[in-house]
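Q: Please take a close look at one part of this structure. I would like a connected account of that part and of what surrounds it.

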Amino acid sequence: MKNSSLLLLTALLLLAGCGKKSSPVTISGTVNGAAGNELYYSIPLKGTSFPYFQDTLFLDPSGGFILETETDAPVFITFRLPETSIPKGEYTYREMTLPVMPGQSLTLTINREEGAASFVAQGEYAEAVNAYMGLPVPPYFYNFERIFHHLAPQEIVDTTAILKEEDMKPFRRMKENGTIPAEMYRLIAADRDCYYALAATYAYMGQVRDFTLPDSLRSVWLDIYRQYPPDENTRIASPSWPDYAYFFINSLPYFTEGITRETLQNLHREGRIHTFFLEQARERLSGQRLEYYTAFYLFQEGFQKNYEKELIGLYDRFTEEYPRSPYIPFIKKEIEEIRLYHEKISDPVKESIRIPDDQENISSLSEALAPFKGKKVYIDVWATWCGPCKREFAFKEPFHQWLTEHGYELLYISIDEESAENKWLEMMRYYDLEGYHIRASEALEADLYRIYDQNGTLMIPWYMEIDKEGNIRERHARKPSEIIAADQGE
């Protein structure tokens, strides 16, 4: 009897210690017309799915793939093909986002043509998966401002409600017909709540001027967060949740607590800005929401490649508080790069990194090119705050070899402001950017805007090729990664 009681107690403890049981999810398929052999996918972690907490599937010679993963709750899984866009009506995305259930099996066919892809799912709940993949999803928030900029605050609320209702119609019908389970319907409904709450709050931000929120706007803005509180577990599966929570946490101090732009600028100069915002998160989020949001925040800020030393301490604190967090491997890579950065920037500047003594007096592109008379020049226009610019530096070594073989000199022109000069010099050393460097004066930057010639805008990274006579041979040249891929016959 004593042994039986012990066995019963042990069984009860084991049951009490177990959470939901994970079930397998299988997604197989074919990519037709793929330019490479890689397909990225987001990993469902604790019922969340951030597109950049990802792993890689390798396509077989016929373009086939199979993903076998597990989840204990309905979740979204995102697929992404390198250098491929996904047209959806008037929008273009980089990701294919699928709602999936524990135990579900799907077959996905992806057709890729000239850098764009279309897709269709077959199998369990495929009707719902295909319908969802036709809906708008993050991250292109500028669309919200474009759609809603002319509407009054209450009209934004009404319009987003109408759009959400239209999105949900097919899924409501499927639920009523019994073709999808209630759990999948609730997943999609919570996602649409989150997506349109994000749409509305972002649209409101587009109407803010001089960091001042009118009372009428503040009222409807806060109503959104009261109706859809970010600190609720039902919404964290939505791909929109991290950005929705980010807007909520980072905007609230401005509009409800009297924090000024100057206060935040001082915190930034003191190296305490991320600490401030994560403390704001601690006050407004709890449990798994706080863990997930902190991981998202640290990854996102590290991914920007601004190499802020403050993030190292915040990451160390995260690993102490959540030593078994499944998010750690994804954050670690970004933070270790920051550690390496601060080790390398103490190295002396190489002689092969050249900065003209009179760079501040260079007022036009033709003046910048004067030292290269009779030589071909490849120009890289970048800035220390531009993540895509810095990601191209990963191709630096094979690209330098290509430049040498084709007789090009390399000129980097930074459009950083004077206040970022130290960061500019640091990044030259960290990335080992051999070549000539100019930090553009106001006059030179104005000339670059004129040359770019896109209605007063200038998008970076931007590359140009100059012939031996100093003329622009290619105003919008291929970026290094594209040149290397073409050179290797990919």
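Is the link of Cys386 and Cys389 right-handed or left-handed, and what is the angle about the S-S bond?

A: The link of Cys386 and Cys389 is right-handed, with 85° about the S-S bond. The model is a predicted one, and that applies to every value below. The sulfur atoms of Cys386 and Cys389 are 2.2 Å apart. A search of the whole structure gives 1 disulfide. Cys386 and Cys389 are both buried.

The surroundings can be taken up from Ala383. This residue is in the loop between strand S12 and helix H14 (387-391). Its relative accessible area is 0%, so Ala383 is buried. With neighbours within four places in sequence set aside, Ala383 is in contact with Cys389, Ser414, Ile415, Asp416 and Ile460. One half of the disulfide, Cys389, is therefore among the contacts of Ala383, given that contact means heavy atoms within 4.5 Å. Lys423 is 40 residues from Ala383 in sequence, and the C-alpha atoms of the two are 9.9 Å apart.

Another contact of Ala383, Ile460, leads to a local feature of the backbone. Ile460 and Pro461 are joined by a cis peptide bond, with omega about 5°. Pro461 sits in the loop between helix H17 (442-452) and strand S15.

Helix H17 comes next. Its buried residues are Leu444, Asp447, Leu448, Ile451 and Tyr452. These cover an arc of only 140° around the axis, which puts them on the same side of H17. Glu442 and Arg450, on the other side of H17, are exposed. The buried residues of H17 pack against helix H13 (365-368), S12, strand S13 (408-414), S14, S15 and strand S16 (472-474). Just after H17, Asp453 has a positive phi of about 60°.

Helix H18 (residues 480-487) has Pro480, Ser481, Ile483 and Ile484 as its buried residues. Their arc around the axis is only 160°, so they lie on the same side of H18. Among the elements that cover the buried residues of H18 are strand S12 (376-382), helix H15 (396-405) and strand S15 (462-466). S12 and S15 thus recur: both are also in the list of elements that the buried residues of H17 pack against.

Two further residues have unusual backbone angles to check. Asp432, which is not a glycine, has a positive phi of about 55°. Asp432 belongs to the loop between helix H16 (421-431) and strand S14 (435-439). Its relative accessibility is 16%, so Asp432 counts as buried. Lys46 also has a positive phi of about 55° and is not a glycine. Lys46 is in the loop between strand S2 (38-42) and strand S3 (54-58). At 42% relative accessibility, Lys46 counts as partly exposed.

Elsewhere in the chain, the largest nonpolar core has 154 residues, of which Ile27, Phe79, Leu98, Leu108, Tyr293 and Ile379 touch the most other members. Helix H5 gives the most to this core, with 16 residues. Of the 24 residues of H5, 21 are buried, and the helix is mostly covered. Its 24 residues (182-205) should span 34 Å at 1.5 Å a residue, and the end C-alpha atoms are 35 Å apart, which agrees. Cys194, at 0% relative accessibility, counts as buried. For Leu98, the contacts beyond four places in sequence are Ile27, Val75, Phe76, Ile77, Phe79, Leu106, Leu108, Val129 and Met133. Three of the core residues named above, Ile27, Phe79 and Leu108, are among these contacts of Leu98.

Last, the confidence. The mean pLDDT of the chain is 87, with 92% of its residues at 70 or more. Confidence is highest in helix H11 (residues 310-321), at 97, and lowest in helix H1 (residues 2-17), at a mean of 37. Residues 1-18 have pLDDT below 50, and this stretch has 0 contacts in the model beyond near neighbours in sequence.

Notes. Residues are numbered from 1 along each chain as its sequence is written. This is a predicted model: local features need pLDDT of at least 70, side-chain atom pairs count only at pLDDT 80 or more; totals for chains, interfaces and linings use all residues. Side-chain values use heavy atoms; hydrogens and water are left out. Buried means under 20% relative accessible area, exposed over 50%, partly exposed in between (1.4 Å probe, protein chains only). Helices (H or I, at least four residues) and strands (E, at least two) are DSSP runs, numbered from the N terminus. The arc is that of the directions from the helix axis to the C-beta atoms. A disulfide is a pair of cysteine sulfur atoms within 2.5 Å. The expected span of a helix is 1.5 Å times one less than its number of residues. pLDDT is the predictor's confidence in each residue, from 0 to 100. A nonpolar core is a set of buried Ala, Val, Leu, Ile, Met, Phe, Trp, Tyr and Cys residues joined through side-chain atoms within 4.5 Å.
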